2 protein chains.
Amino acid sequence: MPPLVSAPALTARQEARRRRILQATTRLASRGGFDAVQMREVAESSGVALGTLYRYFPSKVHLLVAVMRDQLEQLHAALRERPPTEDDPAARVAQTLMRAFRAMQREPHLADAMVRALTFADRSVSAEVDTVSRLTTTIILDAMGPAGPPTPAQLSAVRVIEHTWHSALITWLSGRASIAQVRIDIETVCRLIGPEPSRQAYSARS
Amino acid sequence: MPPLVSAPALTARQEARRRRILQATTRLASRGGFDAVQMREVAESSGVALGTLYRYFPSKVHLLVAVMRDQLEQLHAALRERPPTEDDPAARVAQTLMRAFRAMQREPHLADAMVRALTFADRSVSAEVDTVSRLTTTIILDAMGPAGPPTPAQLSAVRVIEHTWHSALITWLSGRASIAQVRIDIETVCRLIGPEPSRQAYSARS
DNA sequence: CGCTAATCTAGAACAAGTTTCAGACTGGGT
DNA sequence: ACCCAGTCTGAAACTTGTTCTAGATTAGCG
């Protein structure tokens, strides 16, 4: 069976190497954040030569973005198990993001490493960052509810929610905003989704 | 006259050094963005020893955040000259941010250097980043209009607008969003401000 | 099995941010 | 004018991300 995406069909050994690398990275990041992920140490810790590490992940940022993708996929799976419970779409999204935020609070160093890598990434990582971004969009859309294809207005709202989510995380990680502050920001931006669709829509201006 | 803030009263020569450093940094950043700002080159280009550069700005990120502060102060002054022309507060804020965005489009490399530094900054730079953040808040509040002390709801909206502003810039700089996309995001988030205050306020839920 | 191309390893080398240090210089107080 | 403390310089050293190279290993294939 050919791979689903454009992965060039890794052998079992290679798959195992890749996984060891990601695990070692996650462990180091959980200890001390972005700075604690040192390429030599990742290589040694995952039993791989430095050159091989760079063959699998062409930079530290690529590596950490891959870790973020991993974590997001886990979150997505967990959310499928226990979807948000609120009625209002906006509240469901806020609940979902707060759940993700609590996960980050449990591993603040890991969050630091992932989020700093994500926002520091330059154009050479844009494909990988885009994958992470699409995953995030999917998670938010899933949280919004069972609706069919989202409207352009909804997509704009989701984009802005994502912006706020990333930037609020950064201010929290750098100690410039409290946990309460992040909650408020999330709840504030989720108002853009508007109350549940059954209510009377107030006319969009222009 | 003692300095207004906690600046330890630099001599004229020191003030000149500081300014040369910032100018050299701005010039290098305009050429090639974050990566083109190399500390050795900044030092040489501003006629200062490397150690001195580090005495003035304890890291590359500190340096670039100081440049961003400089640029924001210039923008603030320019906005005082020609304030936004729209009637609606939300439109005024959007207009102001789009004006800033056009300035960034004129110097995309400089924008890259400043914004990447700002979002990559860790706790050791939080004081300086906070200054920049407060300046940004001031600019947005100024754009909103001549109103007195802003309400907590307005402050939340402004925070979210700032988040969106920074994050949208990043997606643009890393080539994952178009200029049009950024405009849409800015206009979308500015709706959080709501229509001008003269209209009937719809009751805040909870 | 034996061949070939691709992959992996160990280690050196390079690049740029940061630190350190000895000595020269400056500015303010006497 | 002189002296002290703080500042600046030039240069080397250190750190960590990244690249390179020569040789060993592995995978796929006839």
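Okay, let's start at the DNA: the residues of the surface near DNA strand C split into seven nonpolar, five polar and six charged. For the bookkeeping, nonpolar covers Ala, Val, Leu, Ile, Met, Phe, Trp, Tyr, Cys and Pro, charged covers Asp, Glu, Lys and Arg, and the others, Gly among them, go down as polar. "Near" a strand says that one of the residue's heavy atoms lies within 4 Å of it.

Before I go on, the small print. This is a predicted model, where local features need pLDDT of at least 70 and side-chain atom pairs count only at pLDDT 80 or more, while totals for chains, interfaces and linings use all residues. Residues are numbered from 1 along each chain as its sequence is written, chains are lettered from A and ligands numbered from 1 in the order in which they are written, and side-chain values use heavy atoms, with hydrogens and water left out.

Back to strand C. There are 18 residues around DNA strand C, and the closest are Arg17(A), Thr52(A), Tyr56(A), Arg40(B) and Lys60(B). Which part of DNA strand C lies within 4 Å of the protein, sugar or phosphate on one side, bases on the other? Of those atoms, 62% belong to sugar or phosphate, and the rest to bases.

Now some polar contacts, meaning pairs of N or O atoms within 3.5 Å; within protein, one atom must be able to donate a hydrogen and the other to accept it, and residues adjacent in sequence count only if both atoms are side-chain atoms. On chain A, a polar backbone atom of Ala49(A) is 3.0 Å from a phosphate oxygen of DNA strand C. On chain B, Gln38(B) puts a polar side-chain atom 3.1 Å from a phosphate oxygen of that strand, and Met39(B) has a backbone N or O atom 3.0 Å from a phosphate oxygen of DNA strand C. The elements giving two or more residues to this surface are helix H1 (12-36) and H3 of chain A, together with helix H2 (39-45) and H3 of chain B. H3(A) has the largest share, three residues. When I say helix, I'm talking about DSSP runs of H or I with at least four residues, strands being E runs of at least two, numbered from the N terminus.

Over to the other strand. DNA strand D has 18 residues around it, the closest being Arg13(A), Arg40(A), Arg17(B), Thr52(B) and Tyr56(B). Within 4 Å of the protein, 62% of the strand D atoms belong to sugar or phosphate. For polar contacts here, a polar side-chain atom of Arg17(B) lies 2.9 Å from a phosphate oxygen of DNA strand D, and an N or O atom in the side chain of Tyr56(B) is 2.8 Å from a phosphate oxygen of the strand. From chain A, Val37(A) brings a polar backbone atom, 3.2 Å from a phosphate oxygen of DNA strand D. Two or more residues each come from helix H2 (39-45) and helix H3 (50-56) of chain A, and from helix H1 (12-36) and helix H3 (50-56) of chain B. The largest share of this surface, three residues, is from H3(B).

So how do the chains relate? Chain A goes onto chain B with an RMSD of 0.0 Å by a turn of 180 degrees and a shift of 0.0 Å along the axis, with copies superposed by least squares on the C-alpha atoms of residues with pLDDT of at least 70 in both. The two copies are therefore related as by a two-fold rotation axis. In chain A, the C-alpha nearest that axis belongs to Thr164(A), 2.7 Å away. The same surface serves both copies, as 100% of chain A's contact residues recur in chain B; contact is heavy atoms within 4.5 Å.

Chain A itself has nine helices and zero strands. Its C-alpha atoms fill a box of roughly 60 × 45 × 35 Å along the principal axes. Of its 206 residues, 47% are buried, with buried being under 20% relative accessible area, exposed over 50%, and partly exposed in between (1.4 Å probe, protein chains only).

Last, two residues. Thr26(A) sits in helix H1 of chain A, and counts as buried because its relative accessibility is 19%. Beyond neighbours within four places in sequence, Thr26(A) contacts Val67(A), Gln71(A) and Leu110(A). Asp70(B) is in helix H4 (residues 60-81) of chain B, and with the same kind of neighbours left aside, within four places in sequence, Asp70(B) is in contact with Arg19(B) and Leu22(B).
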